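Colleague: Please put the model up, and then we can go through a few questions about its rings and helices.

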Amino acid sequence: MPNILVLIRLSTHDTVDAHATALLAGAARLGTPIAVLVTDGPLGDGTIAALGRAGAAEVRHYISPEVDSALLTPMVDALATAAADTAPVAVLTENTIDGREVAGRLAVRLDAGMIVDVVDLRAAEGRAVATTSVLGGSYTVESAVEGGPLIATVRQGSLEGPVTVTEPEVRSEALPVSAVPSAAVEGVSETPVASNRPELRTAARVVSGGRGLQSRERFALVEQLADALGAAVGASRAAVDAGYVPQSAQVGQTGVTVSPQLYVALGISGAIQHRTGMQTAKTIVAINKDPDAPIFDIADFGVVGDVFTVVPQLIEKIEADRR
Amino acid sequence: MKIIVLIKQVPDTYGDRRLDQATGRIDRGGDLVVDEITERAMEVALKEKDARKAEVVLLTMGPASSVDVLRKGLALGADRAVHILDEDLAGSDMLRTSAVLAAALRREGFDLVIAGNESTDGRGGALAAMIAERLGLPHATSLNTVAIGADNVAGERAGEQGTRAIHAELPAIVSVTERNPEARFPSFKGSMRAKKKPLDTVALAELGVAEPASRTTVLTATRRPARAAGRKIADDGTAAAELAEFLTSSRLI
Ligand SMILES: Cc1cc2nc3c(=O)[nH]c(=O)nc-3n(C[C@H](O)[C@H](O)[C@H](O)COP(=O)(O)OP(=O)(O)OC[C@H]3O[C@@H](n4cnc5c(N)ncnc54)[C@H](O)[C@@H]3O)c2cc1C
């Protein structure tokens, strides 16, 4: 079976999170999953066991004192080293800001084709075929690469599948200091506030608010409905620009793309660039006081009304039904 | 300080954007505009020019129509523009695009390159880093804020796991996020002056980049059926109850 490299980013507590697990499951569809990790110290037995449970047949571990201080270069170096050794047919990273740039730089080094934001992967006639969802989910495209391995970044929450639990063989080695200059990372200046809400990108339910919420204080209404539904909180760009919510909540063309079971849009007009990020949701609900708001064109259930009247009543209903 | 801004013409996100289903390429027949994020990149450069002495050069690779975005940028205050125009570049993937842009940048010479973090059409989000890799330079990318010094550039890098303060020695490649200010408006005087500014066209042969060829191929492209509107009710005091009923019957609560 061909080798597939998977770049694993350990979560804050050195655990193998759902995104890493999904990448390994995607790799298992194409060949033998090899986990590639870069850390500044040894790997714990717990981490190795978790990688095995997620289906990593082999672990290539690289130790670099620069992993947190030299922007991305140690990860590019590690993948390039592992690739030289394993001749993979595909290399997978997460479709995050870091993941895309690592993949891009690796593609340059390996002179290989790259496909970003992949939502599905399969093997066909000995090569990897990647599915992407482009122009805001308006098109589904299948592509492949020629003349080398596929370098793919995988959309979070899109892959799953059976894996073979293993006791992976681990190889640890020190990564030489890179010859390539890097930007220096001085430190983490702001981390997302820990919350009990589901993660926006992969949430089954999302409640988003727009400019219609009027202020940061009143935006709390969106959070209240989200909590009543067990949903993640999203927002339009106008709400982000107005400072009601952090940018990480932005859904749309230049924000996060979501595809939940339920998407609730509150006080959002439904500009095309917002729809781009949510129109593949299974069920869309919209509350807006303008009967002509374009969001109603794609809503399965639309309420023409004031969010400050309808939403508190809805929360009350949901909570009463639960009792 | 010589700053090169990478600027791009894209189909208007407000329009009906289509894909050519035979090639998988973006149909450029509709309305075309400057990609908003590259306007913000240009604004960062022009602010630097306002504050200190800087030469701002615009660089684009694209079909003949792309000259419009260069003209617009010159009207806003850029000094010069370079258009890489060649029929052989149609449908270039990121690998090839990064090679061509890197070659043009090397030929031009610079202290700082500023790009947008992600285009609205291709959405690759990796081009600036790929160019840096080709040129053997540091990339300070996805910056929410940009501070340009005499010999370095610093800023706050966006990220799913939180933001990070980063900096790089010049020469370097930077990309900016939409947290950066919007572009200024062109003035009449600026538009008049733009007509006299140099706008060079460069063919692929002049850059000497035959390789790499594009390595990605589209196998199939299918349009998803458009969504239809469902039920819409006006709130007469009972809408919340009806909505709760809908959510219950759809097994969503
Ligand atoms: C290149 C580009 C990229 C973009 N990317 C994104 C993106 O990623 N995400 C995004 O969202 N936008 C994006 N936009 C912006 C987009 O065009 C819209 O400007 C934005 O989505 C509008 O946000 P909004 O619906 O909250 O605000 P508005 O359009 O102002 O709508 C507010 C709505 O609230 C309703 N309302 C007001 N008060 C109430 C009330 N009390 N009760 C009920 N309804 C009420 C109004 O009727 C109105 O429909 C982008 C634009 C460009 C050019």
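Colleague: Are A:Phe219 and A:Tyr244 buried or exposed?

Modeller: This is a predicted model, where local features need pLDDT of at least 70, side-chain atom pairs count only at pLDDT 80 or more, and totals for chains, interfaces and linings use all residues. Residues are numbered from 1 along each chain as its sequence is written, chains are lettered from A and ligands numbered from 1 in the order written, and side-chain values use heavy atoms, without hydrogens and water. Buried means under 20% relative accessible area, exposed over 50%, and partly exposed in between, with a 1.4 Å probe and protein chains only. By that rule, A:Phe219 and A:Tyr244 are both buried.

Colleague: How are the planes of A:Phe301 and B:Phe246 arranged in their aromatic pair?

Modeller: Rings of Phe, Tyr and Trp (its six-membered ring) pair if their centres lie within 6.5 Å; planes under 30 degrees apart are stacked, over 60 edge-to-face, and the rest tilted. The centres of A:Phe301 and B:Phe246 are 4.8 Å apart. Their planes stand at 35°, and the pair is tilted.

Colleague: Which residue has its ring under the charged end of A:Arg218?

Modeller: A charge sits over a ring if NZ of Lys or CZ of Arg is within 6 Å of the ring centre and within 35 degrees of the ring normal. The charged end of A:Arg218 is 3.7 Å from the centre of the ring it sits over, that of A:Phe308.

Colleague: Which residues of chain A and chain B are joined across the two chains by an aromatic pair?

Modeller: One ring lies in residues 301-304 of chain A and the other in residues 239-249 of chain B, so the pair joins two chains. Both of its residues are buried. They are A:Phe301 and B:Phe246.

Definitions and conventions. Helices (H or I, at least four residues) and strands (E, at least two) are DSSP runs, numbered from the N terminus.
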